[in-house]
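Here are a few exercises to work through with the model open in your viewer. Try each task before you read the solution.

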Amino acid sequence: MKKQLELSKLHVSIEDKEIIKGISLTVKPGEIHAIMGPNGSGKSTTAATLAGHPDYSVTSGDMILDGESLLDASPDERAQLGLFLAFQYPVEVPGVKVQNFLRHAHQARFADKPKKQFEKVIDFRKHLKALAAELQINPELLSRGLNEGFSGGEKKQLEILQMAVLEPKYAILDETDSGLDIDAIKKVSAGVTKVAKKHKTGVLVITHYKRILEYLKPDHVHVMVKGKIVKSGGPELVDKLESEGYKDWRGEEA
Ligand code: ADP
Ligand code: MG
């Protein structure tokens with residue numbers, strides 16, 4: 001069994017319209033990959049398909065996590081296998097406290113790993129506080145409603161705290177930098193880097209902008225246009241895109 005998250009010749013449709021047109025990509029433990037591309041190119045569709053969103057149907061190809069196909073796995077089973085997704089627009093759930101939400105997420109993630117579970121609520125809370133301290137996240141957020149009245153930066157910090165709690169093998173971060181100021185981007189990037197190092201997480205970061213990549217430092221960069229990966233390379237691709245945009249590929253036939 002190969003330890004990697006592999007997208008293999010993946011085709012995805014929404015209501016009979018093909019959005020993803022055969023992408024292949026392999027993320028190994030500890031690697032950081034970036035997907036860049038213009039609006040509407042299918043980046044969020046790729047993330048939602050990995051998450052198991054019911055509206056997106058895989059018409060051919062496969063997604064394989066450490067040897068197991070994700071195609072028939074429910075979103076919960078995907079989380080148990082060690083897949084984590086942070087979305088562009090985190091949801092607000094005012095009635096649910098952050099610490100309770102994270103406790104349930106932790107229980108679901110490690111349902112089949114008794115050694116990773118906390119018997120007492122208070123022990124989980126201690127663990128959570130320690131993680132928040134490590135990531136320099138205000139502990140007061142933990143007893144508030146989920147994302148209730150959180151600033152954009154706080155919402156993204158919470159996503160990273162969730163990542164720390166879930167210890168994922170692979171993490172997909174969709175536009176985690178959108179709407180953040182430079183200090184928030186630095187903090188979130190430092191948090192992702194710390195968690196990814198600790199757990200050897202393979203990270204796939206989806207972004208429009210170069211800024212977050214100055215801090216997250218991807219090993220591999222992929223350009224997605226119109227549902228295809230049109231170019232893959234090293235970090236130097238980021239500068240080329242920033243200066244030249246996507247004009248080389250926009251005219252390409254889909
Ligand atoms: P990106 O994240 O790269 O900006 P998306 O993956 O969000 O792009 O969108 C890719 C294409 O799929 C767009 O043309 C978008 O309109 C279409 N699309 C995405 N989600 C849906 C949906 N739920 N229903 C219909 N079309 C969709
Ligand atoms: Mg998107």
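**Exercise 1.** Which residues line the largest cavity?

Solution. Keep in mind that this is a predicted model.
- Start with the count: there are two cavities of 30 Å³ or more, and the largest holds about 50 Å³ of space.
- Its lining is made up of Leu131, Glu134, Leu135, Ala164, Lys194, Val195, Lys198 and His199.
- Now sort them by element. H4 and helix H6 (182-199) each bring at least two residues to this lining, and H6 contributes the most, with four.
- Last, sort by class: four are nonpolar, one is polar and three are charged.

**Exercise 2.** Do the same for the second largest cavity: find what lines it.

Solution.
- This one has about 40 Å³ of space.
- Around it you'll find Leu135, Ile137, Gln157, Ile160, Lys187, Val188 and Gly191.
- H5 and H6 each put in at least two residues, with H6 giving the most, three.
- The class tally is four nonpolar, two polar and one charged.

**Exercise 3.** Take the salt bridge between Glu167 and Lys116. Is Glu167 buried or exposed?

Solution.
- The structure has six salt bridges, and in this one the N to O distance is 2.8 Å.
- Place the partners: Glu167 sits in the loop between helix H5 (152-166) and strand E9 (170-174), while Lys116 sits in the loop between helix H3 (98-109) and helix H4 (121-134), so the pair links distant parts of the chain, 51 residues apart.
- Buried means under 20% relative accessible area; Glu167, at 16%, therefore counts as buried.
- Lys116, at 32%, counts as partly exposed.

**Exercise 4.** Compare where the salt bridges Asp239–Lys210 and Lys240–Glu244 sit in the chain.

Solution.
- Asp239 and Lys210 meet at 2.8 Å, N to O. Asp239 is in helix H8 (residues 236-244) and Lys210 is in the loop between strand E10 (202-207) and helix H7 (211-216), so this bridge ties together parts 29 residues apart in sequence.
- Lys240 and Glu244 meet at 3.1 Å, N to O. Both belong to helix H8, four residues apart, or about one turn of the helix.
- Check accessibility: Asp239 is partly exposed at 42%, as are Lys240 at 29% and Glu244 at 35%.

**Exercise 5.** How do strands E11 and E12 run, and how many bridges join them?

Solution.
- E11 (residues 220-225) and E12 (residues 228-233) run antiparallel, joined by five bridges.
- For the register, put Val221 opposite Gly233 in E12.
- The two strands form a hairpin with two residues between them, and Lys226 in the turn has a positive phi of about 50°.

Methods:
Residues numbered from 1 in each chain as written. Chains lettered and ligands numbered in written order. Predicted model: local features only at pLDDT ≥ 70, side-chain atom pairs only at ≥ 80, totals over all residues. Heavy atoms only, no water. Salt bridge = Lys/Arg side-chain N within 4 Å of Asp/Glu carboxyl O. Buried < 20%, exposed > 50% of the residue type's maximum accessible area, 1.4 Å probe, protein only. Pairing = 2+ DSSP bridges. 1 Å grid on protein atoms, 1.4 Å probe; cavity = no way out; pocket = protein on both sides within 12 Å on 5 of 7 lines; lining within 4 Å. Points joined across faces, edges and corners; volume = space filled by probe spheres on them. Nonpolar A, V, L, I, M, F, W, Y, C, P; charged D, E, K, R; others polar.
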